[in-house]
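I opened this structure to practise looking things up carefully, and I wrote down each thing as I came to it.

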Amino acid sequence: MVITIDGPAGAGKSTVARRVAERLGLQYVDTGAMYRELTAVALARAANLNDGEALAALVGMAAPDGADLRAEAISRNVSAVSRHPQVRARMRARQRELAVDAVLEGRDTGSVVCPGADLKVYLVASNRVRAERRAADLGLPVDEVERSLTDRDDMDADQLAPAPDAQLLDTSTLSVDQVVDRIVALAGDEHAQPAGREAGGVPGDRFWKLVRPLAEPMFNGLLRARISGRELVPRRGAVVFVANHQSLWDIPAIGAAQPRAIRFMAKAELFRPRPFGAFLRMGGTFGVRRGEPDRDALRTVHETLEAGGGVGVFIQGHRQEGLDEA
């Protein structure tokens with residue numbers, strides 16, 4: 001499960017996201033802290049904050065020992081560092097690698113970093129409340145902090161737009177516990193069982209959940225897989241994976257390269273050896289009679305997609321080099 005929690009500075013993202021992660025047993029990824037760490041590195045090295053390429057090259061370097069990532073100097077300069085497209089591209093790649101069973105907190109994690117997240121939350125609060133919270137953390141005058149927040153909001157305007165499907169939550173009059181409770185409830189609602197659907201989901205879901213934790217790292221390592229676009233796969237809802245077919249390794253490769261359970265369409269001949277056929281069915285694989293209009297196979301595809309599942313199709317029908325016209 002992936003949850004994104006975005007919003008402007010002072011809306012309470014960090015504390016809330018950390019507690020939500022603890023409640024749901026997910027890892028916590030503070031994307032804002034990653035930019036703050038980069039800013040600390042840049043300031044320590046006296047880097048040119050207008051040089052996007054130079055700053056991008058510093059992504060991944062550890063902040064100096066004892067650096068206070070919440071210091072006002074960092075807050076004043078983090079927007080100048082993060083505005084460069086080279087920096088954001090390099091940073092987003094790192095963040096997407098971490099977006100597995102995680103709560104990501106930041107400014108555009110739901111709209112840009114993880115557009116396929118299971119749940120997107122956008123926290124807001126009045127300018128005064130945000131300033132009072134930040135001033136209490138930093139020990140600074142409220143008016144000074146409020147001016148700083150306003151300036152930073154103006155600089156970060158492009159990143160502050162919430163994702164269209166995000167749940168907006170005003171935290172101005174809510175305690176941290178109340179906000180956490182609401183997000184945990186929303187996470188439960190997002191994964192509530194749809195009416196009329198079997199308890200086990202579509203065929204193969206349970207098999208994939210049991211096998212994936214072991215199979216995914218094994219196959220990715222064995223096949224030396226290079227994966228791009230994993231974050232674009234929607235985490236829920238109907239999806240069709242269409243691939244060319246050169247090897248029997250294609251099946252575990254596609255399964256391990258993305259987060260969804262897949263019901264593969266396979267030629268009916270594969271099911272004739274009964275033990276192998278039983279194994280295929282455990283994973284949700286179903287047969288198609290080639291060379292004829294197999295309505296049963298099409299019906300299976302339709303029912304799987306109607307239930308919000310994923311279907312895998314090898315458009316060439318059999319293994320071969322290259323990719324001919326479908």
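My entries below deal with cavities, a surface patch and two residues.

Entry 1, the model. I note before anything else that this is a predicted model.

Entry 2, cavities. I searched the whole structure for cavities of 30 Å³ or more and found three. The largest cavity holds about 70 Å³ of space, and I then looked up what lines this cavity. Among the lining residues are Ala9, Arg36, Glu72 and Ser75, and the lining as a whole divides into four nonpolar, two polar and four charged residues. Which helix gives the most to this lining? I found that α8 does, with four residues, while α4 (72–82), α7 (127–138) and α8 (142–155) each supply at least two.

Entry 3, surface patch. I turned next to a nonpolar patch of about 250 Å² on the surface, which is made by Val240, Val242 and Ile315. Looking up valine 240, I placed this residue in strand β6, which covers residues 239–243. Valine 240 counts as partly exposed because its relative accessible area is 44%, a value between the cut-offs of 20% for buried and 50% for exposed.

Entry 4, a second residue. I found leucine 26 in the loop that runs between α1 (13–24) and β2 (27–30). Is leucine 26 buried or exposed? Its relative accessibility is 15%, so leucine 26 counts as buried, the cut-off being under 20%.

Entry 5, the two together. From C-alpha to C-alpha, I noted that leucine 26 and valine 240 lie 28 Å apart in space, and that they are 214 residues apart in sequence.

Methods:
Residues numbered from 1 in each chain as written. Predicted model: local features only at pLDDT ≥ 70, side-chain atom pairs only at ≥ 80, totals over all residues. Heavy atoms only, no water. Patch = residues over 30% accessible without salt bridge, like charges linked within 9 Å, V, L, I, M, F, W, Y side chains within 5 Å. Areas by Shrake-Rupley, 256 points an atom, 1.4 Å probe, with all protein chains shown as cover. Salt bridge = Lys/Arg side-chain N within 4 Å of Asp/Glu carboxyl O. Buried < 20%, exposed > 50% of the residue type's maximum accessible area, 1.4 Å probe, protein only. 1 Å grid on protein atoms, 1.4 Å probe; cavity = no way out; pocket = protein on both sides within 12 Å on 5 of 7 lines; lining within 4 Å. Points joined across faces, edges and corners; volume = space filled by probe spheres on them. Nonpolar A, V, L, I, M, F, W, Y, C, P; charged D, E, K, R; others polar.
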